[in-house]
Amino acid sequence: MPAPAKSPTKPAARKPAAKTTAAKATGMTTTASLTISSRNYSSWSLRGWLLAKFAGLDFTETMVSPDDADARRELLLLAPSIRVPCLTHDGARVWNTMAIAQYLDEVCPDAGLFPADRIARAHCRSVSGEMNSGFANLRSSLPMNLKARLPGHKIWGGAQPDIDRIVEIWSECIATYGGPYLFGSKRSTADAMYAPVVTRFLTYDVKLNRACIDYARTIMAMPEMAEWIAAAKLEPDDIEELDMDF
């Protein structure tokens, strides 16, 4: 009688890949670098920088000179896409502010860049995405310029609907989630996305309702904003095309 056939040896089960540790996610074991442009004029650079700060990421900064042709085209809204800021971290290279926010939310989940509640999280994604891709008239009519103050500035008609929509977003978020930030007591992606708009409203003396005035003050009181603005005022280079004189 033939011997029974042996059962084939099963291959050893693969162990699941280790999850990213909190230390690695915050840059303690991984080098992170953020490429930014002018602190005075680049609203996108400010957004990316604030996102990295909110996430608690340990990163170095790489400055691109405003004299760089590509950087200047982006600042003057002449580039087809915006590639600054650019985050390099643990082999990843990410250069859109919403993509940076989503990436940081993945590697630093405890930072709370998006609210934990499903509905609030969807709301935060929506208003952040609206800022990321919209408000073209506001961008062109009221460019970011932290060194300038223009009291009594005349708002051109094309920018006013953008201003009205932003006021609507801020007012709704504050009424819904109680402030002082757009989604409650903790800073989120939405606050990073709208922080440069706060500076624009101050520069061009945009009139706001009480809730939005309080929100603007909250954003400007953040130590990260004080750090960024202080460095912006030390920048020696000015871009004449963005120094509006009315």
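This is a short chat about a predicted model, covering its nonpolar core, helix α5 and two buried residues.

User: What counts, and how are residues numbered?
Analyst: Residues are numbered from 1 along each chain as its sequence is written, and side-chain values use heavy atoms, with hydrogens and water left out. The model is predicted: local features need pLDDT of at least 70, side-chain atom pairs count only at pLDDT 80 or more, and totals for chains, interfaces and linings use all residues.

User: Which residues touch the most other members of the largest nonpolar core?
Analyst: L50, L104, W170, L182, Y194 and F201, out of 64 residues. A nonpolar core is a set of buried Ala, Val, Leu, Ile, Met, Phe, Trp, Tyr and Cys residues joined through side-chain atoms within 4.5 Å. Buried means under 20% relative accessible area, exposed over 50%, partly exposed in between (1.4 Å probe, protein chains only).

User: Which elements each supply at least two residues of this core?
Analyst: β1 (32–36), α2 (43–55), α4 (97–107), α5 (118–133), α7 (160–177), α8 (189–203), α9 (210–220) and α10 (223–233). Helices (H or I, at least four residues) and strands (E, at least two) are DSSP runs, numbered from the N terminus.

User: What is L104 in contact with, leaving aside neighbours within four places in sequence?
Analyst: L51, A52, A55, L57, L87, P109 and L113. Contact means heavy atoms within 4.5 Å.

User: Switching to α5. Which residues are buried there?
Analyst: A120, H123, C124, V127, S128, M131 and N132. They pack against α2, α4, α6 (136–141), α7 and α8.

User: Why would residues three or four places apart point the same way?
Analyst: An α-helix has 3.6 residues a turn, so they do.

User: How far does α5 reach?
Analyst: 22 Å from first C-alpha to last, over 16 residues. That is close to the 22 Å expected at 1.5 Å a residue. The expected span is 1.5 Å times one less than the number of residues.

User: What sits at the ends of α5?
Analyst: D117 caps the N-terminal end, with a side-chain oxygen 3.1 Å from the backbone nitrogen of I119. F135 follows the helix, and its phi is positive, near 60°.

User: Now T203. Buried or exposed?
Analyst: Buried, at a relative accessible area of 1%. T203 is in helix α8.

User: Which residues is T203 in contact with, beyond four places in sequence?
Analyst: N145, A148, R149 and L150. The backbone oxygen of N145 lies 3.2 Å from a polar atom of the T203 side chain.

User: And S43, buried or exposed?
Analyst: S43 counts as buried, at 5% relative accessibility. S43 is in helix α2. Leaving aside neighbours within four places in sequence, S43 is in contact with M144, P196 and R200.

How values were computed. Polar contact = N/O pair within 3.5 Å; in protein donor to acceptor, adjacent residues only side chain to side chain.
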